[in-house]
Amino acid sequence: MKIGELAAATDCHFETIRYYEKVGLLPKPERTASGYRAYRKGDIARVRFITRGRALGFSLDEIRSLLHLSESPGLACAEVDTLARRHLAEVREKLAHLQRMEAELVATVERCRGGQRATCAVLESLAHEGRVSEAPFSIHSPLA
């Protein structure tokens with residue numbers, strides 16, 4: 001199957017599929033005589049595995065590890081469990097940070113009275129270092 005067919009079957013953009021090939025999450029497909037990528041049926045399940053992992057916030061390295069573990073049926077599930085529990089702890093930490101951020105934004109917005117810029121509660125809040133800026137991660141950082 002061609003890349004467009006794989007993209008349609010997995011609801012994954014073809015550029016993302018190419019990227020997964022580039023970083024080694026998806027094996028390089030064979031090429032047809034005319035140079036088109038020729039994917040196998042098994043690539044559908046692999047791309048779905050990767051996209052599901054990304055949707056759950058796993059990094060590409062974590063997904064690489066999970067793929068390796070999924071391809072080794074004789075291995076114990078302990079490594080997968082450890083990786084998933086570590087990721088869950090990170091998600092909970094991010095969630096707690098987002099809740100603190102929400103509380104601070106709510107308080108800031110509620111102090112806003114729509115007066116002059118010199119007395120703007122939002123600008124005043126941004127000008128002072130404090131609670132939310134001390135977060136252990138950046139909300140704008142990629143989840144790679």
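In the predicted model, helices α4 and α5 are roughly antiparallel to each other, because the angle between their axes lies over the 145 degrees that this class requires. The axes of α4, spanning residues 60-70, and α5, spanning residues 78-111, cross at roughly 155° and come within 10 Å, and the crossing of these two helices is left-handed. On the side of α4, the contact is made by Glu-62, Ser-65, Leu-66 and Leu-69, whereas α5 contributes Glu-79, Val-80, Leu-83, His-87 and Glu-90. Sorted by character, the residues of this contact of α4 with α5 comprise 4 nonpolar, 2 polar and 3 charged.

The cysteines Cys-12 and Cys-77 were considered next with respect to their exposure. Cys-12 has a relative accessible area of 6% and is therefore buried, the limit for this class being under 20%. Cys-77, by contrast, has a relative accessible area of 56% and is exposed, since values over 50% are counted as such. The structure holds 0 disulfides, a disulfide being a covalent bond between the sulfur atoms of two cysteines.

Val-23 is placed in the loop between α2, which covers residues 14-22, and β1, which covers residues 30-31. With a relative accessible area of 26%, Val-23 is partly exposed, because this value falls between the limits of 20% for buried and 50% for exposed residues. Although Val-23 and Leu-60 are 37 residues apart along the chain, their C-alpha atoms are separated by 8.7 Å.

Conventions:
Residues are numbered from 1 along each chain as its sequence is written. This is a predicted model: local features need pLDDT of at least 70, side-chain atom pairs count only at pLDDT 80 or more; totals for chains, interfaces and linings use all residues. Side-chain values use heavy atoms; hydrogens and water are left out. Helices (H or I, at least four residues) and strands (E, at least two) are DSSP runs, numbered from the N terminus. Buried means under 20% relative accessible area, exposed over 50%, partly exposed in between (1.4 Å probe, protein chains only). A disulfide is a pair of cysteine sulfur atoms within 2.5 Å. Axes are lines fitted to C-alpha atoms, for helices over the stretch in contact, and angles run from 0 to 180 degrees between N-to-C directions. Angles under 35 degrees count as roughly parallel, over 145 as roughly antiparallel, 65 to 115 as roughly perpendicular and the rest as oblique. A crossing is left-handed if the near helix is turned anticlockwise from the far one by less than a right angle, and right-handed if clockwise. Contact means heavy atoms within 4.5 Å. Ala, Val, Leu, Ile, Met, Phe, Trp, Tyr, Cys and Pro count as nonpolar, Asp, Glu, Lys and Arg as charged, and the others, Gly among them, as polar.
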